[in-house]
Amino acid sequence: MCGIVGLLLKNASLRPRLGELMVPMMIGMTERGPDSAGLAVFTEPVAGPLHKLSLYAGAAPTDWKQLQRDLCGAIDGEHTFKVTANHAVLTTSATPEAIETWLSSHAPELTVLCVGRAIDLYKDTGAPAEVAKRYEFAQLKGTHLVGHTRMATESAVTPAHAHPFTAGQDFCLVHNGSLSNPYMVRRKLEPLDIEFETDNDTEAACRYFEWRLREGDSLRAAVHRGFEELDGFYTFLMGTDRELALVRDAFACKPAIVAETDDYVAVASEFRSLAHLPRVHDAHLFEPKPQEVYSWHI
Amino acid sequence: MREFDLASTSVRELNRYLHKDLPAVAAPKVVVTHPDGAHSIACGLDAPVDVEVHGHVGYYVAGMNKHARVAVNGNAGPGAAENMMSGFVRIRGFASTSAGASARGGCLVIEGDASLRCGISLKGADIVVGGSVGSFSAFMAQAGRMVICGGAGDALGDSLYEAVIYVRGEVKSLGADARFEPMSAEDKKAVAELLSLAGFKHDPAEFRRIASARQLYHWNAEANQEY
Amino acid sequence: MSAAESNALSAHLSLEESAGFDRKVIDYVQRAAATGLYEIRGLGAKRKVPHFDDLVFLGASLSRYPLEGYREKCTTRTVLGSRYASKPVELEIPITVAGMSFGALSANVKEALGRAASELGTSTTTGDGGMTSEERGSSKTLVYQCLPSRYGFDPDDVRRADAIEIVIGQGAKPGGGGMLLGQKVNPRVARMRTLPEGVDQRSACRHPDWTGPDDLAIKIRELREITDWEKPIYVKVGATRVFNDVKLAVHAGADVVVVDGMQGGTAATQTVFIEHVGIPTLAALRQAVDALDDLNMRGQVQLIISGGIRTGADVAKALAMGADAVSIGQGVLMALGCNSDTYVQNGQHVSAVADYSALGTAPGFCHHCHTGRCPVGVTTQDPMLEQRLQPAIGARRVRNYLKTMNMELTTIARACGKQDVHHLEREDLVALSVEAAAMARVPLAGTQWIPGMERN
């Protein structure tokens, strides 16, 4: 049970201010989600064969410089780390699979939060304002982002259980609500060699949709299939490298509101997270209807 | 007139004033600015005060209202005027889910659309919606009247008791035990009065009446069957 | 084989009952086949589940020193709602009366409960259907429930209540709403609930204006605003995923969490719900305590446990396990005469057996609260039947019952060496069955073994 925020900047001149515009949105959702916070930010994609991996070190002290030297010695190619507190974004010319395999044996204390060309992801326990400060969210630049504040329902309060959840590449999902058949979804996906990292219901939804996208469904088709298979109450906000998508279940018990201007589209669980956006009072404000898929492209 | 700017004053201070410190004059006036989606603005009022809110409000604006007139020049979050007992609440923008939930008296006017479950468990209040209402509106509504100038989503009036719904536009579907009934002269008069109270100019003849078929009142009637 | 031998064999009846299809199940199947509707009934689960009976106290002897039974002080004062409320509820005993609706119970019963509770310095709780003047008038400390149905919910009653209890669920039917069959919806009940007289009333299972803990936090804030932050806000849950639910209730801002186990009563619910949904009170209590410990909220947020609490020993065990107070429904009804073979009229005991019989039951077996034909005038709205329970007599019986339990509670506490009943601790208990040891996580008597826990 949680708060959701999302922001997509249509106006390219605002993109250097993405993080700055978003931080008050996230702090506005503190009451809905005081336990943990996180966000996935989508930047201009890295060039050609490069990929990015967001890494989380937790409480373990990490010598990132040494890690970089070891990685360069072990795997051919360029590997650079951009470190913020106990997170780092690794940009690499090697394949993500090779990096993940190497990390799992040489730096098992690290968690890979996401993989892609455009996505960076930060999430941790703590009040949203603290998490935002810890990872300098206000400095983030990019085209769009998906953020979340969490009040844990069934699963534990840990960084891994915080949202956003990711699956595949350049895909993430946040959720406000509670699924009533997450284990069934999970048991459907596990035999397809889809691995789960937590027992969180949101991860089930995230891996379900990513599986459908990989199978060739459009996001819209995947969501419609989800109406049949994912039971419970939800507002989902999803991000891909090009797109932000929003959907609510048929009962629409979990709130959501959208503000759209020529400059941006902003989504939040409640208006109080949108109140500080520039010219929000001139925005087109609306509540997304149940079982309709709303999506916006950069 | 007293002004509260919620950019610098807490909702707590506003409500304490409205509950305990109103001046002893007829219909004192209070203006609230910069609500910015704050919750529980002007809830639990128990006096004929006139509250004008400029901006969008969060959950439960004018919740459990008695006697007061509350107007929101903006949109309202979930549960606007929930469990209202009396008074008059006007939302000039749209209202989120469960507007007027369980309201027992008074009148709630929503000039824009109302979201899902508008008038759920309604217990005697009047609700007039200028736009359309979302699905499951008037769910289990027990008493009171709803006038919907636009259309309605799915399952309108599901498990209705004695509340009556008047709707002008398309109804996507009726809920269990709800049915269309002919408009009587009395119905038209009621709609005309409520429209005039709300300030909407529609012809009452354009409205259709929905009430309970009362088939679920004794849902275990078949329990007597023995074979 | 001779004809005589063959006759002797056939005369020997085989009466082996099927364990799967015993007489109870056969009766169920045939009833379902005849009616096409599930059974609805009152009271709580009838099946045997691990319970407080499966625990015993380790009284003091040489390693710990007992207190003298009647002379040495043992206090029972209980404060509920000290977290945020400026006016917490202060009780003289940790035994409260659970929420039971006017509608399910008669106005006389509500008055009797209020009088008894006031005499002993404890609280009563309203129930689905609003606050009656009888109960407000007689109960010094009255907890006002805010339920999904919001029947009769009135801000004036919020203002004249001593605490507000937001009901998410009930132990007898977590996930389901209340029921009141038409025969109990008399003119006054109908008026209070804004319903037509005589309709079968089904309450909603979810609140009309919020869903989930994030919304609940906002709802609680609204109630705090309306009560000017004076009154404690309780949150009541039916026991299922208790560890999570208690944590979420605390996160949402509750002052007090009430956990109602599956043995908890109801005035009318589907039998399938009563017997098959929810977990036993014993298991629920331990999970609730663990949740408060996990949040380091013991002492800040109080815990009330209910669901099949019957005796002073049950109360003592609940407190030792970590509850701050208990809440009693069915036990109180039985004190009033529920399932008794007589009722008192003009000082005389009058037999009610024929009336039980007319309901197809007998004293000791009755669960027909849903019919409104209560032979002893407790769960009825019938003007004749409700006269069978006079408030003064009912009040005296309930007072005696609560007093007895409180004396038993202090007796046990003193025997365990406690000057305050709230000093009873989990380590004062051992279990008599493996199931109870596992659920309560106390050792099996005479061992240090707690199933599922590693030994140090």
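Two strands pair if DSSP finds at least two bridges between them. Strands (E, at least two residues) and helices (H or I, at least four) are DSSP runs, numbered from the N terminus.

This is a predicted model: local features need pLDDT of at least 70, side-chain atom pairs count only at pLDDT 80 or more, and totals for chains, interfaces and linings use all residues. Residues are numbered from 1 along each chain as its sequence is written, and chains are lettered from A and ligands numbered from 1 in the order in which they are written.

**Exercise 1.** Trace the open sheet of eleven strands in chain B and place helix α2 on it.

*Solution.*
- Step 1. Read the order: β1-β2-β3-β4-β5-β6-β7-β8-β9-β11-β10 of chain B, with mixed pairing.
- Step 2. Find the edges. β1 (2–5) and β10 (178–181) of chain B each pair on one side only.
- Step 3. Take the turn between neighbours. It averages 15°, direction ignored.
- Step 4. Zoom in on one pair. β3 (50–54) and β4 (69–73) of chain B run parallel over five bridges. There, B:V53 has B:V72 in β4(B) as its bridge partner.
- Step 5. Add the helix. α2 (185–198) of chain B packs on the sheet and touches β6, β7, β8, β9 and β11 of chain B. Contact means C-beta atoms, placed from the backbone, within 7 Å. The direction of α2 makes about 70° with that of β8(B). Axes are lines fitted to C-alpha atoms, for helices over the stretch in contact; angles run from 0 to 180 degrees between N-to-C directions.

**Exercise 2.** Do the same for the open sheet of seven strands in chain A.

*Solution.*
- Step 1. The order is β7-β2-β8-β1-β14-β13-β15 of chain A, with antiparallel pairing.
- Step 2. β7 (119–125) and β15 (284–286) of chain A have a single partner strand each, so one side of each lacks a neighbour in the sheet.
- Step 3. Neighbouring strands turn by 10° on average, direction ignored.
- Step 4. β1 (2–9) and β14 (264–268) of chain A are antiparallel over five bridges. A:L7 is bridged to A:A266 in β14(A).
- Step 5. Helix α1 (18–28) of chain A touches β1, β2, β8 and β14 of chain A, at about 155° to β1(A).

**Exercise 3.** Which residues make the contact of chain C with chain B?

*Solution.*
- Step 1. Count: 24 residues come from chain C and 41 residues from chain B.
- Step 2. On the chain C side, α2 (23–35) and α7 (213–226) each supply at least two residues. α7(C) gives the most, with five residues.
- Step 3. Sort the chain C side: eleven nonpolar, five polar and eight charged. Asp, Glu, Lys and Arg count as charged; Ala, Val, Leu, Ile, Met, Phe, Trp, Tyr, Cys and Pro as nonpolar; the others, Gly among them, as polar.

Key
Two residues are in contact if their C-beta atoms, placed from the backbone, lie within 7 Å.
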